[in-house]
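Please take a moment with the sequence and the model shown here before reading on. The explanation that follows is meant to be read alongside them.

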Amino acid sequence: MAVYTEVTDEELRAFIADYAIGDVISCKGIAEGVENSNYLMVTTEGPYILTLYEKRVNPADLPFFLGLMRHLAARGIVCPQPVPGRDGVALRVLAGRPAVIVTFLTGMWPRRILPEHCAALGTALAQLHLAGADYAVARPNSLSLDGWRGLVAATREGADGVKPGLAAVLADELAALSALWPGHGGRPGLPQGIIHADLFPDNVFFRDGALSGLIDFYFACTDMLAYDLAICLNAWCFEADGAFNVTKSRLLLANYARVRPLSAAEVAALPLLARGSALRFLLTRLYDWLNTPAGALVKRKDPLEYLHKLRFHQQARGLADYGLAPGDLALADAP
Ligand SMILES: Nc1ncnc2c1ncn2[C@@H]1O[C@H](COP(=O)(O)OP(=O)(O)OP(=O)(O)O)[C@@H](O)[C@H]1O
Ligand SMILES: N[C@@H](CCO)C(=O)O
């Protein structure tokens, strides 16, 4: 999160008057994150998170996200819950932006990722996929092939200023993925469902060594379930020096497959899906690098970290590069 929209004391006081959550004691902008404006708001009833939705969130999608958070919680997934106002409505307007108060989750996201975090993540991701299976609403992934195409075009002029030759790398990768992406151009698809689509370490909380909750469902959508795993491989399994940690990868995948067995086609597609995921975050980070408003309380994320990850997956020779040996994973279609 970040702070793009400042809220005045008068605006906040008028906003909170519509809720039955006590009086505001403090309200502080959260500098972490890059997408929406977020405040840690403490009232006489306890802590809450106040979110004002920014640039990348389509207000028309908000009922999907809020409904999903309620749906998942009802199936045992610990995640923030939208807090309704006195009139029962959770989605409101503050400082001219769509805004919601959600419950505060205890726990901390892991600053140093250990193999056991990846193991717990695998289990939680599979549980999330199972819990989302009967969510009745669908939302196409706006950051898949079509979205990438738009971002490649939008960053074409600035890309080489970030790294010479980057614009061509992006265009080539987009062309390659367009020719290979499952479910497109008559190619067979993979199992689909509700995916989180942004399950980075800063969106996963741990408490006393155990995974305690998931946050930030504002990219959630309907897409290939294995693509969510590919996003996590990128976000959790590379070390700070750029090395890919096969132990973390194996634990993530094996613990996922214990709860939701993967099909052989899903396993085989992982390197390709990881390329797509690397391109997605490379593109959004690059776009933000070139377009973040001056003065916003936000720390831009490094796009080139994801160029390195993309290179890794482009050069991967097989599943052994992901720490997998035959028989390591529970397969849905094993004889
Ligand atoms: N419900 C919550 N309970 C406790 N802390 C929260 C909650 N929601 C957000 N936070 C805090 O705010 C930080 C940023 O939140 P979040 O990841 O949702 O923002 P974002 O702008 O969507 O960021 P990004 O998409 O870059 O991950 C979290 O790392 C966490 O510290
Ligand atoms: N988690 C994303 C930000 C949200 O899109 C990133 O690290 O680039």
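The paragraphs below go from the division of the chain to the surroundings of a ligand.

This is a predicted model, and its protein chain is divided into domain 1, which spans residues 9-103, and domain 2, which spans residues 115-322. The C-alpha centres of domain 1 and domain 2 lie 26 Å apart, and where the two meet, 24 residues of domain 1 are in contact with 26 residues of domain 2.

A UniProt annotation, taken from an unreviewed entry, assigns residues 27-262 to "domain: Aminoglycoside phosphotransferase". Within the model, that span is 38% helix and 19% strand, and the C-alpha atoms at its ends are 44 Å from each other.

Which residues surround ligand 2? The shell consists of Val34, Glu35, Asp198, Phe200, Phe219, Arg280, Phe281, Arg285 and Lys301, and by residue class it divides into four nonpolar and five charged members, with no polar ones.

Three of the charged side chains can be followed to oxygen atoms of the ligand. In Arg285, a polar side-chain atom lies 2.7 Å from an oxygen atom of ligand 2, while a polar side-chain atom of Glu35 is placed 3.0 Å from a ligand oxygen atom. For Lys301, an N or O atom of the side chain is 3.3 Å from an oxygen atom of ligand 2. Taken alone, ligand 2 exposes 260 Å², and the protein buries 96% of that area.

Conventions. Residues numbered from 1 in each chain as written. Chains lettered and ligands numbered in written order. Predicted model: local features only at pLDDT ≥ 70, side-chain atom pairs only at ≥ 80, totals over all residues. Heavy atoms only, no water. Near = heavy atom within 4 Å. Polar contact = N/O pair within 3.5 Å; in protein donor to acceptor, adjacent residues only side chain to side chain. Areas by Shrake-Rupley, 256 points an atom, 1.4 Å probe, with all protein chains shown as cover. Nonpolar A, V, L, I, M, F, W, Y, C, P; charged D, E, K, R; others polar. UniProt positions renumbered as here; feature names shortened; annotations may be inferred. Helix = DSSP H or I, 4+ residues; strand = E, 2+ residues; numbered from the N terminus. Domains from an automatic or database assignment. Contact = heavy atoms within 4.5 Å.
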